[in-house]
Amino acid sequence: MKNISSDFVVGGVARNDDYYFHKLFIGDVRDSLRKDNVLLLSPRRTGKTSVMYRMLDHPENGYKVIHLNVEDLATPAEFYLSLIDAINEHQPEYMKKLSASWDLFKDIGNRFEEIGFLDFKVKLRKTIDWEQGWKQQAQQLIEKVIVINEPILFIIDELPDMFSAMAENSADQLKEFLHQFRKIRIDPKGNDKIRWLIGGSVNIRGVLDELGLIKQINDLKTESLPAIKEQEVISFVSVMLNDREVRYDESLIPRIYQLLGEPIPYFLQLFTQELYRYWKREQPDLLNASHADNVFQHALLGEAAHDKLQHYHGRIQL
């Protein structure tokens, strides 16, 4: 078998050669970020995080890119503490510039190599009372970024989860955080150097509207992740099967698209992977539409896949 250029990515983040979908859409997001901060919306498991990692792995327009998943965070203090930690992880040299003359780092200095990534957040947590001082440190962070005067893109993923957790702890704290977060986003001094790409499932507006806080994100330009086009499906399935020297006739790929409708990347990856396994196991001369029906019924709708698919169904509904 010839060298295989891409792996099946079922449920994980597709990066580098494994990234296939929404490439034109990424260009649209980059264009929007030239002038605006962006709210990237999509249902869960439809490829939003892969888009964000694509922008992290392939920065453009001179941006230094910082990525942070906030799904497990529940307080403003944790958000800004984790954001600073993410800067150190993704852009350690930039972190050294930020820390210069910042009182937060007076006991750490520039000894980041000695501390290491794993201990950095632990030491940072001990420098101040973060629950009391997070607003001051948030403002300090933005002021330091403005002084350095180098373009930076903050990518924040799974924000609705953090909002929900904050609201459970304290609605007043969430309101205070949203007000401060909006304040630093719209600061005119950082308008041409700082951009925010914020990702969330489509329920983010509902979460904030219920709390009367929807106006706190009205500065963000909304970009909605488009459905995967038929030509993207054709290209993806062709590459994955051809790389593995799978033989198939012209009825196969149209049937895959028909069965999946507007496919979610997870299901398309799973379907194609199961077709490849079927071909290896059964060794038909050519895969065709009937084989696609068989695999779809047994591998995607059958009992063996029920628990896994039910998990993703539930996640998509959130």
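Arg281 counts as exposed because its relative accessibility is 55%, past the 50% mark that exposure calls for. This comes from a predicted model, so keep that in mind as you read on. Right beside Arg281 in the chain, Glu282 is its salt-bridge partner, with 3.4 Å between the closest N and O atoms. Glu282, at 46% relative accessibility, counts as partly exposed. Elsewhere, shared partners tie Lys48, Asp157 and Glu158 into one salt-bridge network.

Searching the whole structure turns up 16 salt bridges. One of them brings Arg185 and Asp219 together, 2.7 Å from N to O. That pair links distant parts of the chain: Arg185 belongs to helix α9 (residues 171-185), while Asp219 sits in the loop between α10 (204-210) and β5 (221-224), 34 residues apart. Both Arg185 and Asp219 are buried.

Asp293 and Arg255 make another salt bridge, at 2.6 Å between their closest N and O atoms. This one also links distant parts of the chain, with Asp293 in helix α14 (residues 289-300) and Arg255 in helix α12 (residues 252-260), 38 residues apart. Asp293 counts as partly exposed because its relative accessibility is 28%, and Arg255 gets that label at 22%.

Here are the three pairs with their N-to-O distances:

| Salt bridge | Distance |
|---|---|
| Arg185 and Asp219 | 2.7 Å |
| Asp293 and Arg255 | 2.6 Å |
| Glu282 and Arg281 | 3.4 Å |

Now for the sheet. It's an open one with five strands, ordered β2-β3-β4-β1-β5 and paired in parallel. The edge strands are β2 (64-69) and β5; each has a single partner strand, so one side of each is left without a neighbour in the sheet. From one strand to the next, the twist averages 20°. In general, strands of a sheet pair through backbone hydrogen bonds, either parallel or antiparallel. Here, β2 pairs with β3 (residues 152-157) in the parallel sense, over six bridges. Within that pairing, Lys64 stands opposite Ile152 in β3. Helix α1 (residues 23-33) packs on the sheet, touching β1 (38-41), β3, β4 (194-200) and β5. The direction of α1 makes about 180° with that of β5.

Last up is Pro265, which has its place in helix α13 (residues 265-282). Pro265 counts as buried because its relative accessibility is 13%, under the 20% cut-off. Pro265 and Phe21 are 244 residues apart in sequence, yet their C-alpha atoms are 8.1 Å apart in space.

How values were computed. Residues numbered from 1 in each chain as written. Predicted model: local features only at pLDDT ≥ 70, side-chain atom pairs only at ≥ 80, totals over all residues. Heavy atoms only, no water. Helix = DSSP H or I, 4+ residues; strand = E, 2+ residues; numbered from the N terminus. Buried < 20%, exposed > 50% of the residue type's maximum accessible area, 1.4 Å probe, protein only. Salt bridge = Lys/Arg side-chain N within 4 Å of Asp/Glu carboxyl O. Pairing = 2+ DSSP bridges. Axes fitted to C-alpha atoms, helices over the stretch in contact; angles between N-to-C directions. Contact = heavy atoms within 4.5 Å.
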